[in-house]
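Open the model in your viewer and keep the selection tool at hand. The stops below say what to pick next and what is to be found there.

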Amino acid sequence: MDQLWIDIAAILAVAAPLVIAAMGETLSERAGVINLSLDGTMLLAAMTGFAVALNTQNLILGFAAAALVGALVAAILGVFSLTLGQSQTAVGFVLALLCTDLSSFLGAPFVRLPGPAVPFMPIPGLADLPVFGQILFRHDPVIYASFLLVPATAYLLYGTRLGLIVRALGERPAAVYARGIDVTRWRYAMLILGGALVGIAGAAFSLDLKQGWSYRHTFGSGWIVLAIVIFGGWRPLRVALGCYLFAALEIVATRSQSTLPGIPSQIIQVAPFVLMILVLALVNLASSPTVARWIATLPSVLQRPLLVVVYRLRATAPAALGQPFERP
Amino acid sequence: MRIAVEQLTKRFGTVWANNRLTIEFAAGQIHGVLGENGAGKSTLMKVLSGYLRPDEGRILFDGKPCQLRGPGDALAAGVGMVHQEPLDIPAFTVLENLLCAAPPGVFRSWRAAQRALEELAERLGFAVDPAARLDQLTIGQRQQVEIMRLLLCGAQVLILDEPTTGITAAQTRALFTALRQIAAEGRTVLFVSHKLEEVAELCHTVTVLRNGEVVPPGQLVMPQPQEYLLTLMFGDAGTTPPVYRPLPSIDSPPVWELRQVTVRSGTLHLLDLNHRFAAGRIIGLAGLDGSGQQVLLRLLAGQLTPDRGQILVNGRDLSGAGAIAFREAGIEYLPADRLRDGLIGALSLAEHFALLQRTGVIVDRRTAEELARQAIAEYQIKATPLTPIAALSGGNQQRAMLALVPPTARGILAEQPTRGLDVASARAIWSRLQARRDAGCCIVFASPDLDEIMEYSDEVIVCFAGRIGPSIPRALLSAGRLAELIGGVGFEALVEAV
């Protein structure tokens, strides 16, 4: 049984950078802006954060530098898409490629150097609780932050008036403008805030979970985060759940490497990505018209509960996601 | 609040949308603003609500000049605009929508907002569930929510742009009651419309705009004779009644024949339809919204497959053949939502004609543009062959859609063919449809407007609660009798008599 608790704790830890990045992307996309540069931003921020922390021997400065890089890339995306009205997808994609290559180029001197790392910090008292202590309270500050970030994002979006404005920005910016809000300015704010979180997620790799720096250090997890945000229906709790599921698949894959030595390691590395997409696609299939037709043929006793499940699983994109806003 | 404009001018390129307007709207009254499409009503309202900045002239609130940098400024100054499609957030609940970006200090908490909303709804006679999602509500209900939001956010002047388009008669009555209450409380209501009857019923004063100017200068106190207002709006063109011609008798097989057809769509279930739709007739479908007219139109267009029975088109059995086969048999369907189901907004008229080309790989631009030019001349569409359809006004879009119907069409199905059009455009559309009828086409149309049904139909079919009545020659029907039948009075007897 103890092994299970340890595994769960490991899943929560491995998922921390994904959760942080996914919350950042959720905030931007809820405000109507797709930050497709996410994977590249994470790499560049991971490299910068590591380099700064290494040279200053100060972790806080490392994370701050990473957040700054994330915010800066987001701001560049904002200038092109929000101010100049260019396609968010195209600009974001180019930025993703550019940042990836920049991280390899600028990060060359730091490859495989030993550097500072976020210290393990069990919470006194709570860490000794049975089960819960083991799962939740024997981690480091970055992981604790990822735990807190999920309810915080959900509360921001659903519990505050600021959240109402953010969601409305992604649903119908014209209505927000009619209420006297500067749409572009607020979209910039959410895009940059989200970008900073993505940057911190990058540093969470290089300074915590995969300490150090190497070529393509985050192994494409930025792209999976983009998919998780979509399939998670832009809802923080569901998105976080998606991140934990992916982390669980990764851990299972690592385990099977030792138990199934016959399988090439490349397959095992890629398997979580494939499985994740399959799971997410299946979940979303529930809300397809085909399933609705199939449900309609069932006896009426079964229909109601099934429809409730389908309704719960449904993920609708913010109506104005990715669309530029022109002042009328 | 008293609201006035002085020497207000707004130009778009070479078009003077508003030409030195000077008007004052007094507080505590409902002011009608009349004018045909393109007369400058919308521009004036957008200037007053902060969406557009005037090129020249001033806006005065209670005598004080005011600079509006955006709709937020206008609302802060006390002017709220209810757009034709309410500018709310469909994914939100009524309460979330109310609180979203509300001016600071207006609502102290969610509960306070809910109480304020329920109180106001009670006072205005609206029924509203604060927890309902807006995309589950009808346009009429969303409009009510928007009116209440603006009032709660401090609007002293309420501008309504064509508020009765797309809402039910009951909602219109509720709206009018509420507007009277709002005016009685000392607020100013501007009611923009092209429906004379509604302005006559509701408004204390009326301002008529034509070609960007107020005619005659200044407000008119209601009531005014309807013919006089029509002359003001349209010049002389608006008052000529359409010419009524006796029906030619045509001995060709019916365009549609329904034999024992049963069809289902949503909750509506049309049973045992036996109808013949003869060539050379205009057949009006009357009934309350959702009584089955649309289902019948879609059945005749081949978009719905009957569960049982036969549909014969020009004598050929096309039961279950699908919409493409119906089109090939000469059936054309003109949907109510022109830009969603009918036309492609980003494409030009020439490109629409090009889409109809069925041969060759390369687009024959020259022929398409030639066809478009002919259509523009023939249907008097205000556009060039290369203007995107979305840039056209509603009337011109409707004409364009009609122009795309090939001359070989045998049957035209039109769902609310004059929806949102002013009187002159509507008459133009009808004269085209009548020309098609005279050429031997059968035209079946649905309209919520009883006057339109009475004026243009040769035969009328009443739909009531998912049941389709027999077709009645127009000559045997009075407006009063039609209104009764739509409400179900005597409908049963009519069905049994056949």
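Begin in chain B with K10(B), which stands opposite N18(B) in strand 2 of chain B. As you look at this pair, bear in mind that the model is a predicted one. Extending the selection to the whole of strand 1 (residues 3–12) of chain B shows that strand 1 and strand 2 run antiparallel and are joined by 7 bridges. Both belong to an open sheet of 4 strands, whose order is 2-1-4-5 in chain B and whose pairing is antiparallel. At its edges stand strand 2 (15–25) and strand 5 (64–65) of chain B, each of which has a single partner strand, so that one side of each is left without a neighbour in the sheet.

Next, select W256(B) together with F277(B) in strand 13 of chain B, since these two residues stand opposite each other. They lead to strand 12 (residues 256–265) of chain B, which pairs with strand 13 of chain B in the antiparallel sense over 7 bridges. The open sheet to which these strands belong has 4 strands in the order 13-12-15-16 (chain B), again with antiparallel pairing. Here strand 13 (268–277) and strand 16 (316–317) of chain B are the edge strands, each pairing on one side only.

Now colour chain B by domain, taking 3–237 as domain 1 and 256–497 as domain 2. Between the C-alpha centres of domain 1 of chain B and domain 2 of chain B the distance is 33 Å. Where the two domains touch, domain 1 of chain B contributes 8 residues and domain 2 of chain B contributes 9 residues. On the side of domain 1 of chain B that touches domain 2 of chain B, the residues comprise 5 polar, 2 nonpolar and 1 charged.

Move on to helix 8 (residues 226–234) of chain B, where L229(B), L232(B) and M233(B) are buried. Looking down the axis of helix 8 of chain B, you will find its buried residues within an arc of 95°, so they line one face of the helix. Which exposed residues does the face of helix 8 of chain B turned away from its buried side carry? They are E227(B) and Y228(B). To see what covers the buried residues of helix 8 of chain B, display, among other elements, strand 3 (30–34), helix 7 (196–202) and strand 9 (205–210) of chain B.

The next selection is strand 19 (residues 442–446) of chain B, in which 5 of the 5 residues are buried, so the strand is largely enclosed by the rest of the structure. Its two faces are both covered, with C442(B), V444(B) and A446(B) buried on one side and I443(B) and F445(B) buried on the other. Strand 14 (residues 282–286) of chain B runs parallel to strand 19 of chain B and is joined to it by 4 bridges, and within this pairing I283(B) stands opposite V444(B). Strand 18 (residues 411–415) of chain B also runs parallel to strand 19 of chain B, with 5 bridges joining them, and there G411(B) stands opposite C442(B).

Turn to chain A and pick V19(A) and A22(A), which touch the most other members of the largest nonpolar core, a set of 150 residues. The element that gives the most to this core is helix 10 (residues 183–209) of chain A, with 16 residues. A second, separate core holds 69 residues, including V295(B), L433(B), C442(B) and V460(B). Returning to A22(A) and leaving aside its neighbours within four places in sequence, you can display its contacts with V225(A), I228(A), V229(A), V239(A), A240(A) and C243(A).

Then centre on A253(A), which lies in helix 12 (residues 236–259) of chain A. A253(A) is buried, as 20 other C-beta atoms lie within 10 Å. Not counting residues up to four places away in sequence, A253(A) touches I268(A), A271(A) and P272(A). A C-alpha to C-alpha distance drawn from A253(A) to V270(A) comes to 8.9 Å, the two being 17 residues apart in sequence.

Finish by showing both chains, whose contact takes 16 residues from chain A and 16 residues from chain B. Helix 8 (161–171) and helix 9 (173–178) of chain A each supply at least two residues of the side of chain A that touches chain B. Coloured by class, that side of chain A has 11 nonpolar, 4 charged and 1 polar residues.

Notes: Residues numbered from 1 in each chain as written. Chains lettered and ligands numbered in written order. Predicted model: local features only at pLDDT ≥ 70, side-chain atom pairs only at ≥ 80, totals over all residues. Contact = placed C-beta atoms within 7 Å. Nonpolar A, V, L, I, M, F, W, Y, C, P; charged D, E, K, R; others polar. Core = buried A, V, L, I, M, F, W, Y, C linked by C-beta atoms within 7 Å. Buried ≥ 20, exposed ≤ 12 C-beta atoms within 10 Å, placed from the backbone. Arc of directions from axis to C-beta. Domains from an automatic or database assignment. Pairing = 2+ DSSP bridges.
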